[in-house]
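Student: I have a structure open and want to go through it. Can we start with how its parts meet?

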Amino acid sequence: MFAYEFMRTAFLAAFLAAFVCGPVGWFLVLRGQSFASHALSHVGFAGAAAALLWGEPAFFGFGLSAVISGMGMGVASDRVVGRDVMIGLVLSLAMGTGALCLHFLTRSAGAATALLFGDILGISPSSLYWLGILAVGCVMGLAVMGRPLLFASLQPDVAEAKGVNLRLLDVLFLGLVGIASAMCSQITGVLLVFTLMVAPAAASLRLGFGPMSGMAVAFGLALFEAWGGLCLSWLTDCPASFWIALLGSAVFATANGVALLREHYGVPSVKP
Amino acid sequence: MTTPAIEAGQLSVSYGGQRVLDQVSFAIPPGSFVAVLGGNGAGKTSLFRAILGLATPEQGYVRVEGRHFGRGRMPVGYMPQMRRMAGGQLSGWHMVAAALRGRSWGLPWCSAHARAEVDAALDAVDARALAKRPVMSLSGGERQRLLLAQALLDHPRILLLDEPLASLDPARMRETTRRIYDLARQRGLTVLFSTHDINPLMGFMDHVLYLAHGKALLGSVDEVMTTPALSALYGAPVEVVRADGRLFVVADGGADTLHCCDCAEHTR
C-alpha cells in the first residue's frame, strides 16, 4: 500500500486534516456550532466550483469562500441565531450556485463527485505543502486563542465581564473552522465534512475528557477514522469517504455506549 | 470618609431602547451585604452590567472603589443568571477552571498553582466532590455553587450575584444565602445579591437596594420597606402590610401583590 506515492500522500493529507479537525471540532461541538462546519462546507462547495470554472484550484476557492463566510457568520452571529429558514435558503443557494458553475465545466461529473465526496487519492504532493502550512497555522491560531475561547464558550456572560471580546473570538474561530472545513473536504468531500470534524470531537466530549486531553483524543480518533478509512478503502476498493463516515458513526456509538455504561455503574467519567 | 465599594451618580442606562435606570444615585458601603430587589425588568441585571462596564451609561457614572476600572480589571466576582450551560459534558471542575485567567491568550492549560486555586474556590463553597461530575448531571443548586466558586476566583473584593436563588427550593435558598453570607463575612466582601424573593435574605442583609420604574432606593429593611418610601419610589400608592410575620407590598386597591417578605426571622 505504501509503495505508491499517491497512497503515501493520502496518508499524510489525512494526518494533517485530522490534526486540524480534532481540536477545531472539539471547540465546535463544545460551543454547539456543529452545524457551522456543515454550512461552511456547503458555501465552500460554491466557491470551489467557481474556482474550477475560473481555472483555479478548487481547494483555494473552497478555502477562501469558507473562511470569508465563517468570519461573516461570526460578525453577524447575533442576527443569524434562530433564523433557520434564512440559513437554509442561503445554503441551498450556495449549493445551487455550485451546481451552476459545474454545469459550465466540461469535466463537471468528475469534478462534482470529487468536490462532494472527496478525492483523497487524487491529492498532489504540492497540495500537501499547502495543507501542511494551513494545518500548522490553524493549530497555532487555536493554541493562541484556546484559553479565552474556552472561557467564552462555557460562560460567555462572565467572560465578557472579565474583558474577553466575544465577537472577535467568534470571528477568528469561525475563520479557523472555514480553513478546517476546506482541509477536511479534501479528504471526505463537502457532504461528509461532519464525519471527520464533528464525530471524533463529540465522542471525546461524551467520554468526559477535559479540554487539553479532549482535543488530543479528538485528534487521535479523527486520525483513526481517516487512516482506517484509507486502509479499508484499499482493501475493499470502496470509497474512503464511505469508510470514514462509517468509522465516524462507529466511534461515536462506541463512546456513547461506554459513557452510558459508566453512568449505569456510577463510574465517574472525569478525573480533573 | 470611607470610599464606597460601589457608587452611582445620576446613572441612566437603557436596554432595548427603554430606559431601565433613570438618574439613579446611591453609594454602597464596603463590606455590606445588599439585597437588590425589584420585579422583572426593574433594571437589576442592567445595573450589574453597568457596574461591570458591559453597559455604557447614557448619563452619569458608576465607580467601583472610587475608580473607573477598565472592563475585566475590577476586583469584582460576577455570578450571572443561570441559563443553559454549554459544554455540559465537561466536569464542573473544568467549568470553574476555565474562568481562571480566562482572558489571557494561550492554551487552556492549568498549572499546579492554578489547580490549587480552583480547588480552593471549590472548597470554599463545598463543591469539590460534585465538581468531578459532568455539569449536565448536576442540579440547578449544584450548578449555582459552581458559578459561585467561579466568582470567587482571583480573590474579588466585591461580588455581584444575579439571581443566585433562581430555581432553588426554599430550604436551598436559605442554605445558599447563609453560605454566601458566611463567605462574605469571612473575606470582608461587599455583596450585591439580586433576587425577586427577599424571604431567604431576611436576617442576613445590611441594606436593600430597591429598584422600580427606573428609580432606586437604598437603605435598611426598615427604612426601605415602608408604605411611604415604596409609594414614593413606585410613584403610585402602594401599601406595605405586615401580617403573621410576613411583609407584603400591595398595589393600590390590593389587587396586585408586588412583593412579599417573610419577616418571621430577623435574627441570624
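Tutor: Yes. This is a predicted model. In chain B, 11 residues of domain 1 are in contact with 11 residues of domain 2.

Student: Which helix gives the most to the domain 1 side of that contact in chain B?

Tutor: Helix α5 (residues 170–187) of chain B, with five residues.

Student: And how do the residues on that side of domain 1 of chain B divide by class?

Tutor: Six are nonpolar, three polar and two charged.

Student: Where do the two domains of chain B run in the sequence?

Tutor: The domain assignment gives 1–75 + 156–229 for domain 1 of chain B, and 92–155 for domain 2 of chain B. Their C-alpha centres lie 24 Å apart.

Student: Now the two chains. How many residues does each of chain A and chain B put into the contact?

Tutor: Chain B gives 30 residues and chain A gives 32 residues. On the chain B side, helix α2 (residues 92–97) of chain B has the largest share, three residues. By class, that side of chain B has 16 nonpolar, nine polar and five charged residues.

Student: Switching to helix α2 (residues 34–54) of chain A: what span should its 21 residues have?

Tutor: At 1.5 Å a residue, α2(A) should span 30 Å, and its end C-alpha atoms are 31 Å apart, which agrees.

Student: Why call α2(A) largely enclosed?

Tutor: Because 16 of its 21 residues are buried, α2(A) is largely enclosed by the rest of the structure.

Student: What comes just after α2(A)?

Tutor: Gly55(A), which takes a positive phi of about 90°.

Terms used. Residues numbered from 1 in each chain as written. Chains lettered and ligands numbered in written order. Predicted model: local features only at pLDDT ≥ 70, side-chain atom pairs only at ≥ 80, totals over all residues. Contact = placed C-beta atoms within 7 Å. Helix = DSSP H or I, 4+ residues; strand = E, 2+ residues; numbered from the N terminus. Nonpolar A, V, L, I, M, F, W, Y, C, P; charged D, E, K, R; others polar. Expected span 1.5 Å × (residues − 1). Buried ≥ 20, exposed ≤ 12 C-beta atoms within 10 Å, placed from the backbone. Domains from an automatic or database assignment.
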